[in-house]
Amino acid sequence: MLGFIIQRVLQAFVVMLVISALVFTGVYAVGNPIDVLISPDATQLIREQTIRAYGLDQPLWKQYLDFLGRLVRGDFGRSFVYNMPVLDLIFSRLPATLELTLAAVIGATALGVPLGMYAGYRPDSAASKAIMAISILGFSVPTFWIGLVLIFTFAVSLGWLPAGNRGDTASLFGIQWSFLTWNGLTHLFLPALNLSLFKFALMVRLARAGTREVMLTDTVKFARAAGLSEGTILLRHVLRLIAIPIVTVFGLEFGSTLAFAVVTETIFSWPGVGKLIIDSISTLDRPVMVAYLMLVAFFFIMINLSVDVAYAALDPRLRTRRAA
Amino acid sequence: MSPVLLDVSGLTTRFATRAGSLNAVEDVSFTVAEGEIVGLVGESGSGKSVTGFSILGLIDPPGRIVSGSVKLNGRELVGLSHAELRSMRGREIAMVFQDPSATLNPVLTIETQMRLAIAAHENLGDAAARARCIEVLGAVGIPDAARRIEAYPHQFSGGMRQRVAIAIALLNRPKLIICDEPTTALDVSIQAQILTEMKSLAARLGTAMIWISHDLATVSSVASRILVMYAGRLIEAGPMAQVLRQPHHPYTRGLLGSLPGMAPPGEDLVQIPGTMPSLIDLPKGCAFQPRCGFADAQCATMPALSAGAGRRVRCHHPLAAETVP
């Protein structure tokens, strides 16, 4: 197991290096940030000074090597716009996105898997058909539209929940979190619900398909013949047997939502990284873009690694194959 | 003769399919005495497995038991509630299936699966439950059971896996075990081993067995009495040795004739011509009539199963001693 993790971490280094080159070249190939950074009527002298100050007069390979050199020391550069270290900037926004994403993904899984299992266990019941109808809605209705409907219904018409922002936060591990205060929770609820609908639909489908399949196997028949109750069979046998695809999708959804919760964050004015990256693209804030995309790649690598470790925990057959 | 443990009478299990409803099991009656091993033989689709599942009350929709009774120690099982059936399963009647790599859960340890089976019926403490598991694993011939109990199914060989499945069936000391082709998926050498061990295990524990198989040779080596099914009906029943020596039903004789060990040396094996008819579209009268060399006009009516506790046959023209070659 340890050898496997070390091997994957080494792989991750190579992947990160390749990604840094791709991202750096890609981002530096488009636009000229100088046009955005200084006023058009600045003198030629000021213009050239600024270009030199940001190192933009260097050839691309030189800029990249400088970037790598700083990276080794843990320095992602400074934001052109905010004039502060990029990492500080991103990490000041990340907790907001992290808690929003976790709330959405965990909520969707905690609700979607049991309902999906029920729908797979009793496929012909009226409740199962209702669950499947909701999941079709979750798949097919666009997220931004649901977000607007949610705001209109719960914030504007009913006035039950706030329409945007994080609300009050409290500190845990030196980071500000919304979910620790009641006011913050009310702010978190709608955007998390908005983000979770699609994931909920996905989890329902996965759990239902898996359960339907497993219920027909001899494992379930044998467990029934031994006198196990249906509840025990679903909880102890079926849930374990359908866990692997669910964990996979959980990881993928977690990563992609963390990186690209942009739409929901914009609609609910949620001050997360999604809004930051959109802003940095429109202002051509290259260091923020590069650092953010590399961070996203890093998250995906870490999430995939955790998912693989979870596989081994869930299925003993994968453990021995790896040990061999 | 030991007292009757299981009394099945007039059992009919019907499946409603899109093509129409069919009786997978029709009017099946037999008894199993305490500690007795009864063989239930037939080809696939003959209704032998459905008979086993019907006894356990494990028929899933669209199937259901439409008539008949299953009595265990005089207690009627047909019509019991789900909860009553559940508490009966495993504790009074257990079942072992054909393929142990499909029946055991690959992602749970043997111990977890065994403990779940115990916990379904009684609340033993951790240590006592574990001790029971190890004891039963030892009894079915798993060496080093105390250590192996923590292993997963894929870490066992096929034969060992089936022993584990048998151990799970034995855990709650049922009075009857329904064995649905438990050796079919195993190597021939392992088959023989498991057959012998199960036979002696049953004798030692006084457990009765219904041994379901398509393989007459296997059944003949474990069971003392045989039931032959064809197209959902019981067509012949009797003590194993008598039926083997002198089958009354032409189908049974056909089965015997197709066995390598039973045909006279030097002669070709005899095949039964044709295949078993679809249950949706049964011929009029005796279901075996289209394949039977003795069929005549009388066979267009369904023959009754001859009465009697000893030998029974469902045929208008039961084979007498002299017609047997």
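The dialogue below reads chain B of a predicted model, from its overall form to its sheet and its contact with chain A.

Colleague: Which radius of gyration would a compact globule with 325 residues have, and what does chain B have?

Modeller: The idea is to set the value beside that of a compact globule, which for 325 residues would be near 20 Å, and chain B, with 20 Å, agrees with it. Along its principal axes the C-alpha trace of chain B spans about 65 × 50 × 40 Å, and buried residues make up 45% of the chain.

Colleague: In what order do the seven strands of the open sheet in chain B stand?

Modeller: One reads such a sheet from strand to neighbouring strand, and here the order is β6-β7-β8-β3-β9-β10-β11 in chain B, with mixed pairing. Because β6 and β11 of chain B each have a single partner strand, they stand at the edges, and one side of each is left without a neighbour in the sheet. At the β11(B) edge, two bridges join that strand to β10(B), the two running antiparallel, and B:E236 has B:V313 as its bridge partner in β11(B).

Colleague: Which strands does helix α1 of chain B touch as it packs on the sheet?

Modeller: Helix α1(B), residues 48-56, touches β3, β6, β7, β8 and β9 of chain B, and its direction makes about 150° with that of β7(B). Helix α7(B), residues 158-170, lies across β6 and β7 of chain B and runs at about 170° to β6(B).

Colleague: How many residues does each chain give to the contact?

Modeller: Chain B gives 24 residues and chain A gives 20. On the side of chain B that touches chain A, the elements giving two or more residues are α2, β6, α3 and α4 of chain B, and the residues of that side divide into 14 nonpolar, six polar and four charged.

Notes. Residues are numbered from 1 along each chain as its sequence is written. Chains are lettered from A and ligands numbered from 1 in the order in which they are written. This is a predicted model: local features need pLDDT of at least 70, side-chain atom pairs count only at pLDDT 80 or more; totals for chains, interfaces and linings use all residues. Two residues are in contact if their C-beta atoms, placed from the backbone, lie within 7 Å. Helices (H or I, at least four residues) and strands (E, at least two) are DSSP runs, numbered from the N terminus. Ala, Val, Leu, Ile, Met, Phe, Trp, Tyr, Cys and Pro count as nonpolar, Asp, Glu, Lys and Arg as charged, and the others, Gly among them, as polar. Two strands pair if DSSP finds at least two bridges between them. Axes are lines fitted to C-alpha atoms, for helices over the stretch in contact, and angles run from 0 to 180 degrees between N-to-C directions. The radius of gyration is taken over C-alpha atoms; the globule rule is 2.2 Å times the number of residues to the power 0.38. A residue is buried if 20 or more other C-beta atoms lie within 10 Å of its own, exposed if 12 or fewer, and partly exposed in between; C-beta atoms are placed from the backbone.
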